[in-house]
Amino acid sequence: MTQHIHRFDNKAVIITGGAGGIGLYTAIRLASEGAKVALVDVAEEGLKKAKKQLLESVSGAEVITCVADVSNEDDVKAYVAATLEAFGSIDGFFNNAGIDGKRFPLPEYTPEEFERVMTINSTGVFLGLKHVLEQMEKQGSGAIVNTASIGGILGWSSQYGYIASKHAVVGMTRAAAAEFACKGLHINAVAPGGIKTPMAADAMRKLNPEDPEAAERQFAAGIPAGRMGTPDEIAGVVAFLLSEDAAFINGQILVVDGGQTCQ
């Protein structure tokens, strides 16, 4: 494993959506830099596997797991309380949990599906901000990275809940930064493009159930870099934004997409 400087020694970080994909890779990256990590996810078995993988990747890492629905306020309060009980502070927060939802043409897109995606992707981010920032304000320090998407900057057909929810994340990031920058906190968002995660693999299967690899090749061909990104590449950006190296960066949406939005 690549050796990293220890920017997070004696710091505790919460990661929602921590059972896999970008969340897990970011947890491993932060732990390798000294962070104590609270992994949060709704998937209990996934969390167990994620914790095992993290401990195998980073010897001596300190990690707890919290089973939580990020759109349930009591669950959010519980993961905040569990982190404070275990580590005594919340120094970083990767507000990452989300889903892509189903794809339907607008006439077929139901209010129920729209609400389902918005509840997890935007209400979940809102509740995380609300309760983590309350603690960070008391401390007078802390950093937050929300997971937006290039879908929160652009738009594409058939994913109305996802696009709306990620635009909401962009707006909440800027609003929270404007409110809390004067209190010594920095709040930004990362906006990934196509990243090779289980969520992306599922999207490729939806696009071409008979040949998802062909769908991925076609998608990658539309990216100037000529490939999809990796979770590790997002993890490095998140680690930077959560670190003191980014202390004067606030309210920004950092696009990581291989040039996809430059076209």
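**Helix α3 and some salt bridges in a predicted model**

Q: What makes R116 count as partly exposed in this predicted model?
A: The relative accessibility of R116 is 37%; partly exposed lies between the 20% limit for buried and the 50% limit for exposed, so R116 belongs in that middle class.

Q: And E113, buried or exposed?
A: E113 has 6% relative accessibility. Buried means under 20%, so E113 counts as buried.

Q: Why is the contact between E113 and R116 called a salt bridge?
A: Their side chains meet at 3.0 Å, N to O, and the cut-off is 4 Å, so the pair qualifies. E113 and R116 are three residues apart in helix α4, about one helical turn. Residues three or four places apart in an α-helix point the same way, because there are 3.6 residues a turn.

Q: What makes R227 and E233 a salt bridge?
A: The closest N and O atoms of R227 and E233 are 2.7 Å apart; that is within 4 Å, so the name fits. R227 is partly exposed at 41%, and E233 is partly exposed at 33%.

Q: How do you know that the length of helix α3 agrees with what its residues should span?
A: At 1.5 Å a residue, the 15 residues of α3 (73–87) should span 21 Å, and the end C-alpha atoms are 21 Å apart, which agrees.

Q: Which residues of α3 are buried, and what puts them on the same side?
A: V76, Y79, V80, T83 and F87 are buried. They cover an arc of only 100 degrees around the axis, which puts them on the same side of α3. The face turned away from that buried side carries the exposed residues D74 and E85.

Methods. Residues are numbered from 1 along each chain as its sequence is written. This is a predicted model: local features need pLDDT of at least 70, side-chain atom pairs count only at pLDDT 80 or more; totals for chains, interfaces and linings use all residues. Side-chain values use heavy atoms; hydrogens and water are left out. Helices (H or I, at least four residues) and strands (E, at least two) are DSSP runs, numbered from the N terminus. The expected span of a helix is 1.5 Å times one less than its number of residues. Buried means under 20% relative accessible area, exposed over 50%, partly exposed in between (1.4 Å probe, protein chains only). The arc is that of the directions from the helix axis to the C-beta atoms.
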